[in-house]
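Student: Hi! Could you walk me through a protein structure today? I'd like to start with the helices and then ask about a few residues.

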Amino acid sequence: MSDCHPSVTAVPSTQASLTTGTPVIALAGQPNMGKSTLFNLLTGLNQHVGNWPGKTVERRQGTFDFNGQPALLVDLPGTYSLTANSPEEVIAREFILREKPAVVVAVVSAANLERSMYLVAELAALEAPLVVALNMMDVAEQEGIVVDAHVLEAALGLPVVPMIASRAVGVKDLLRVVEKVMMGEGTYSPCLPEIRPDHQEVLEKIRAQINGYVPDPYPLRWIALKLLEGDVEVTRFMQSALPPAKWDEVHQILMAHDDAFLAVASGRYEWIGRIVRAAVRQPRVGQIGLTGRLDRWAAHPVWGLIILAAVLGLVFWLTFTIGSPLQQWLDENAVAPLAGWAGDHLAWAPFWLRGMVVDGIIGGVGSVLTFLPILVIFFAAFALLEDVGYMARAAYVMDNVMHVMGLHGKSFLPLFLGFGCNVPAVMGTRVIDSPTARLLTILIAPLVPCTARMAVVAFIAPAFFGRNATLVTWGMVLLSLAALVGSGALLNKVLFKGQRSAFIMEMPLYHIPNLRTIGLLVWQRSISFVKKAGTAILAMSLLVWALSYLPNGDLNTSLLARLGHFLEPVGRWMGFDWRLTVALITSFPAKENIIATLGVLFANSPDSGLAATLASTFSTATALSFLVVTMLFIPCMATVAVTKQETNSWKWTLISIFLMLGLSIAGGTLVYHLAMWTGV
Amino acid sequence: MPEPSTRKSLSELAVGEAAIVHAFQGGRAVNNRLASLGFTPGVQITMIQNFGWGPLIVIVRGTRVALGRGEASQIIVE
C-alpha cells in the first residue's frame with residue numbers, strides 16, 4: 001500500500017451531534033445491498049416515512065436503541081454514486097456534508113464488493129466518519145466468495161464489520177464499532193482513492209484555481225473532483241462562487257478535459273481493485289450460479305413474458321378470490337352496520353347531519369377503506385416480487401413493449417401496481433430515473449384499470465351481457481390498455497418530442513425474501529392509504545355529499561342533479577341520461593361510488609334489483625359506452641391528489657385530468673355510435 | 001501476443017463473449033451513470049444475453065446489468 005494516502009483531515013467530528021443529545025447516524029449504500037433490511041432491523045416500527053424537503057424522494061428515518069440510549073437513524077437514498085445524476089445523489093451528499101451525522105454507515109455487499117465499494121470511495125472523499133458494514137456474507141459464501149474483513153479493514157483504513165442483516169448477524173458488533181468511531185477511539189485513517197495518474201496534473205491545476213473560493217462545508221479536493229466529473233450541481237454553484245475571470249480559466253481547463261470523469265471513475269476502481277485483490281478470494285469465472293440459471297427463463301424474451309403473464313395472473317387470481325370477497329364482506333358487515341348504527345344514534349340530530357355522517361363520511365370514506373384488503377394483497381405480492389429480485393426481470397422483459405411509448409422497462413413496475421390502485425402507481429413512478437419518462441408514466445398510469453373500476457364493470461356487465469359478461473370485462477381491460485399504449489405513444493411524440501431515456505438497470509441476484517422487509521413495506525403503504533382516506537378523500541366525499549343534498553335534501557332535485565341536467569347534452573353523445581352523468585361525477589371521490597349513486601337514483605323503481613332496473617332502462621349500446629367511459633373517466637381524487645404531489649405542478653395535474661376526460665368522452669361517443677350502427 | 005484491433009460496439013458481442021471497454025460515445029449523463037455501475041475504459045465485459053434485438057444483459061465487475069440496445073451500441077469494445 002505504498003500509494004495509499006491516509007487522509008489527515010478526516011477526523012471524526014462528534015461535537016455536532018453529541019451536543020444536541022440524540023446522535024444522528026446515517027445509512028448509505030447502493031441499491032440491493034441490504035441497506036433497507038438493516039434499517040428495518042434496527043428501527044422496526046419506530047420509523048417515519050416522509051419526503052425530503054421540496055423533493056419527491058422518500059425520506060425514511062427512525063429511532064433505535066443505540067447501546068442503551070436513543071439514536072436517530074437516517075436512511076439515505078440508495079444511489080450508485082454521489083455525482084448529481086438525480087435528486088437522490090444530491091440529497092445523500094448534502095445530508096452528509098451539511099447535517100454532519102456522527103457516523104455514516106456504508107453498507108456494502110460481500111458478494112459484490114468491487115461494485116459496492118464505489119460508493120465508499122465517494123463517501124471517503126466527503127471526509128465524514130465512516131464505518132463499512134460488510135453485508136451479505138452468506139450470499140458471498142454461497143457464491144464461493146471469501147472476504148477477509150481484517151485485510152479489508154487494513155487496506156481501507158476504515159473499520160469494517162462483517163454481517164448478515166437478513167438474519168440479524170453482526171448487528172451488535174456494528175453498533176459497538178459505530179460507538180467507538182463516534183467517541184474518536186480506534187484507528188481512523190482512511191486511504192483515499194486517487195485520480196488516474198494522467199489527470200493528476202489537471203486536478204492540481206483546478207484545485208489551485210478554486211482554492212479560497214469553495215463555500216462551506218464543501219471539501220476543496222472533493223469540489224475539484226466533482227468539477228472534473230462534470231457534476232451539474234457543483235459546476236453551477238462554483239460558477240457563481242468564482243469571480244468571472246477565474247471561472248473562465250477553470251472552464252477552459254474543464255472543456256479541454258471533458259472525458260476526465262472517466263479518469264476519476266477509473267481512479268476509484270483502481271483503488272477498489274487493489275483493496276479487493278488483497279481481501280477477496282473469487283471463485284473461478286464461468287461457473288453459472290442460481291441467478292444465471294433462473295434468468296435463462298425469467299429474462300428470456302419469450303419465456304420471460306409467459307412467466308410474467310403467469311405471475312400477474314396469479315396475483316390477480318389471489319386478489320379476486322381472497323381480496324374481493326373480503327371487500328364485499330367488509331362493505332356488508334362493517335360499513336353497512338356502522339352506517340345503520342350511526343343512523344340510529346343520530347336519530348335526534350337534524351336530517352342533514354345524519355345524512356352527512358351516514359352517507360357523506362361513512363358511505364364515502366368507509367367504502368374507500370373496504371378496498372384495503374385488496375390493496376394489502378397487492379402490496380404484499382409486489383413487495384415479495386421486489387424483494388426476491390424478480391421485478392428487475394419483469395422490467396427487463398417488458399422493455400420492448402414500453403419502447404412504443406418512448407419509455408423503458410422500469411416504467412412497467414408502477415403501471416403494474418396500478419391494477420391494484422392507481423394511487424401507489426403514481427407514487428411508484430419514483431423508481432424511474434428520467435424526469436420526462438416519469439412524468440409520462442404518471443400521465444398514463446390512471447389508464448390502468450384499477451380494482452374499483454373492475455368492481456363497477458363486474459356489477460354492470462352481467463346485468464346487460466349475461467353469458468358474454470366475461471368477454472365484455474376482458475374487452476374493457478384490453479381497451480384500457482390499448483388507450484394507455486396509444487396515448488403514451490402520442491404524448492411522447494407531442495409533448496416530449498419522441499425522446500427516450502437511457503435504460504441502465506442492475507439485475508440483482510435472486511435471494512430468499514425477508515418477511516420483515518415485506519411486512520414493513522405493506523404496513524407503510526397501507527397506513528399512507530388510510531391517511532389519505534382520512535384527509536383528502538374525506539373532504540371530497542363531504543363536498544360531493546353536500547352537492548347531492550343541497551338545497552332541500554333530495555338527490556333528484558339537488559345541485560348535483562342540476563349539474564347532471566346541465567351536462568346532459570354532452571352525456572347524450574354517449575347515450576347517457578342525466579342520471580348516468582351524475583353517477584359518473586360521483587365516481588370522482590371513489591370509482592365504485594357509481595353503483596351507490598345509481599342505487600339512490602333508481603331507488604323508487606318497481607323492479608326488484610338495481611341490476612335488473614338498469615337493464616330494463618338502458619340500451620345495450622348505452623351500457624357499453626357507460627362501461628367504456630367508466631374505464632377511461634378522470635382519475636379518482638386520491639389519484640389526482642398524488643399526481644399533484646408527485647408532479648409538483650397544477651399544470652400537469654390538470655393536463656392529466658383533461659387528457660382522461662377527453663379520452664373518455666371520445667371513447668364513449670365512438671363506442672355508442674358504433675354499437676348503435678352495428679345494432680348491438 | 002498479436003493484437004488484432006477489432007473494435008465493435010457492445011451490442012454486437014455474442015453471448016458468452018467477453019471484451020474490453022475502449023470508449024463511450026453516449027452523452028455525458030449516460031456515461032456518468034455507466035461509470036458508477038463499473039463501466040470504465042479497460043474493464044472486461046461478458047455478454048450474458050443478446051438476442052440481436054431488445055435489451056441485453058452483461059456482467060461487469062461481477063454485477064449483472066441490463067442495458068438498452070441503444071445504450072449498448074454506444075459502448076465501443078475491443
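Tutor: Happy to; we'll go through a pair of helices, some cysteines, a serine and one more helix, and please keep in mind that this is a predicted model.

Student: Great. At what angle do α27(A) and α28(A) pack?

Tutor: The angle is about 145°, and their axes are 8 Å apart. Helix α27 of chain A covers residues 578–585, while helix α28 of chain A covers residues 593–601.

Student: And is the crossing left-handed or right-handed?

Tutor: The crossing of α27(A) with α28(A) is right-handed.

Student: Which residues meet there, in α27(A) and in α28(A)?

Tutor: From α27(A) come W578(A), R579(A), L580(A), V582(A), A583(A) and L584(A). Facing them in α28(A) are I594(A), T597(A), L598(A) and L601(A). By type, this contact of α27(A) with α28(A) has eight nonpolar residues, one polar and one charged.

Student: New topic: how many disulfides does the structure hold?

Tutor: Zero, over all chains.

Student: Why is there no bond from C421(A) to its closest cysteine sulfur?

Tutor: Because the closest cysteine sulfur, in C636(A), is 6.2 Å from the sulfur of C421(A), which is too far for a bond. For a disulfide, the two sulfur atoms have to be within 2.5 Å.

Student: What about C450(A), how far is its sulfur from the closest cysteine sulfur?

Tutor: The distance is 6.4 Å, to the sulfur of C421(A), and that is too far for a bond.

Student: Are those two cysteines buried or exposed?

Tutor: C421(A) is buried, with a relative accessible area of 11%. C450(A) is buried too, at 8% relative accessibility.

Student: Okay, switching again. Where is S664(A)?

Tutor: S664(A) lies in helix α32 of chain A, which spans residues 650–678. This serine is buried, with a relative accessible area of 1%.

Student: What does the side chain of S664(A) reach?

Tutor: It reaches the backbone oxygen of L661(A), at 2.8 Å. Setting aside neighbours within four places in sequence, S664(A) is also in contact with M574(A), V629(A), L632(A) and F633(A).

Student: Last one: why is α31(A) described as largely enclosed by the rest of the structure?

Tutor: Because eight of the eleven residues in α31(A), residues 637–647, are buried. Among them are M637(A), V640(A), V642(A) and E646(A).

Student: And what comes just after α31(A)?

Tutor: That is N648(A), which takes a positive phi of about 55°.

Definitions and conventions:
Residues are numbered from 1 along each chain as its sequence is written. Chains are lettered from A and ligands numbered from 1 in the order in which they are written. This is a predicted model: local features need pLDDT of at least 70, side-chain atom pairs count only at pLDDT 80 or more; totals for chains, interfaces and linings use all residues. Side-chain values use heavy atoms; hydrogens and water are left out. Axes are lines fitted to C-alpha atoms, for helices over the stretch in contact, and angles run from 0 to 180 degrees between N-to-C directions. Helices (H or I, at least four residues) and strands (E, at least two) are DSSP runs, numbered from the N terminus. A crossing is left-handed if the near helix is turned anticlockwise from the far one by less than a right angle, and right-handed if clockwise. Contact means heavy atoms within 4.5 Å. Ala, Val, Leu, Ile, Met, Phe, Trp, Tyr, Cys and Pro count as nonpolar, Asp, Glu, Lys and Arg as charged, and the others, Gly among them, as polar. Buried means under 20% relative accessible area, exposed over 50%, partly exposed in between (1.4 Å probe, protein chains only). A polar contact is a pair of N or O atoms within 3.5 Å; within protein, one must be able to donate a hydrogen and the other to accept it, and residues adjacent in sequence count only if both atoms are side-chain atoms.
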